[in-house]
Amino acid sequence: MAAPVVVIGPMGAGKSSVGKRVAKALGVPFTDTDRVIVREHGPIPGIFADRGEPAFRALEADAVRTALGTGGVIAVGGGAVTHAATREALSGARIVLLTVSPEAVAERIAGSDRPLLADGGIDAWQTIMDERAATYAELAHVVVDTSRRPMSRVVDEVVTWLRSDSSAPTTEGAP
């Protein structure tokens, strides 16, 4: 694989699960930038509480840049694309946007400790999704919906796209 593959999308879309399986199918490294941040700086809710979202986004931008240097498949946090430095770093990558319906994500995020959902649950998720939708769409080279589809099918579609001529934007599995 020439360019790294970056999996973006809203909280609960399955970025880490899909990214890990795509990397395994392709025989390339996988990096989950949220896990890198936790390993190096502690739990994300604590970073938000102690240092604020801007500080977290700066740590995230650094983690994304480092992961891009490693290559392979990279899953980034849902809000990574809100940071200008992160968006700039993604310019040479092949970007897969995973989408998910509010109904499907409600089950996935129930009981979550995600800082941006602490006070609003699915309504907060929808507000955040609406704020980020245009940025996701602008960055994406391919869009794959994960709402009510087997994970194996989602992974197969992403791998097929990556192995084909992935220079042309496309939409797979749209609802």
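## The second largest pocket

The second largest pocket of this predicted model has a volume of about 150 Å³. Two elements each give two or more residues to the lining of this pocket: helix H2, which covers residues 33–41, and helix H4, which covers residues 53–70. Of these, H4 provides the largest share of the lining, with 6 residues.

The residues that line the second largest pocket are Thr31, Val36, Ile37, Glu40, His41, Leu59, Asp62, Ala63, Thr66, Ala67 and Thr70. In terms of chemical character, this lining consists of 5 nonpolar, 4 polar and 2 charged residues. Glu40 and Asp62 are counted as charged, because Asp and Glu belong to that class.

## Gly42 and the loop after H2

Helix H2 is followed by a loop that leads to helix H3 (44–51), and Gly42 lies in this loop. The relative accessible area of Gly42 is 18%. Gly42 is therefore classed as buried, since the class holds residues with under 20% relative accessible area.

When neighbours within four places in sequence are set aside, Gly42 is in contact with Ile37 and Ile47. Ile37 is also one of the residues in the lining of the second largest pocket.

## Arg94 in strand E4

Arg94 belongs to strand E4, which spans residues 94–99. With a relative accessible area of 14%, Arg94 is buried, because this value falls under the 20% cut-off.

The side chain of Arg94 reaches the backbone oxygen of Leu162, and the distance is 3.4 Å. This pair links strand E4 to a residue at another place in the chain, Leu162.

## The chain as a whole

The secondary structure of the chain amounts to 8 helices and 6 strands. Read from the N terminus, the order of the elements is β-α-β-α-α-α-β-α-β-α-α-β-α-β.

The chain has 175 residues, and 49% of them are buried. Gly42 and Arg94 are among the buried residues. The accessible surface of the chain comes to about 8,400 Å², and carbon and sulfur atoms account for 51% of that surface.

Contacts can also be described by how far apart the partners stand in the sequence. Among the contacts in the chain with a separation of 6 or more, 74% join residues that are 24 or more positions apart.

Note on methods:
Residues are numbered from 1 along each chain as its sequence is written. This is a predicted model: local features need pLDDT of at least 70, side-chain atom pairs count only at pLDDT 80 or more; totals for chains, interfaces and linings use all residues. Side-chain values use heavy atoms; hydrogens and water are left out. Helices (H or I, at least four residues) and strands (E, at least two) are DSSP runs, numbered from the N terminus. Buried means under 20% relative accessible area, exposed over 50%, partly exposed in between (1.4 Å probe, protein chains only). Contact means heavy atoms within 4.5 Å. Accessible areas come from the Shrake-Rupley method with a 1.4 Å probe; for residues, only the protein chains shown count as cover. A polar contact is a pair of N or O atoms within 3.5 Å; within protein, one must be able to donate a hydrogen and the other to accept it, and residues adjacent in sequence count only if both atoms are side-chain atoms. On a 1 Å grid over the protein atoms alone, a cavity is a set of points where a 1.4 Å probe fits but cannot get out, and a pocket is an open set with protein on both sides within 12 Å along at least five of seven lines; lining residues have an atom within 4 Å of a point. Grid points are joined across faces, edges and corners, and a volume is the space filled by probe spheres set on the points.
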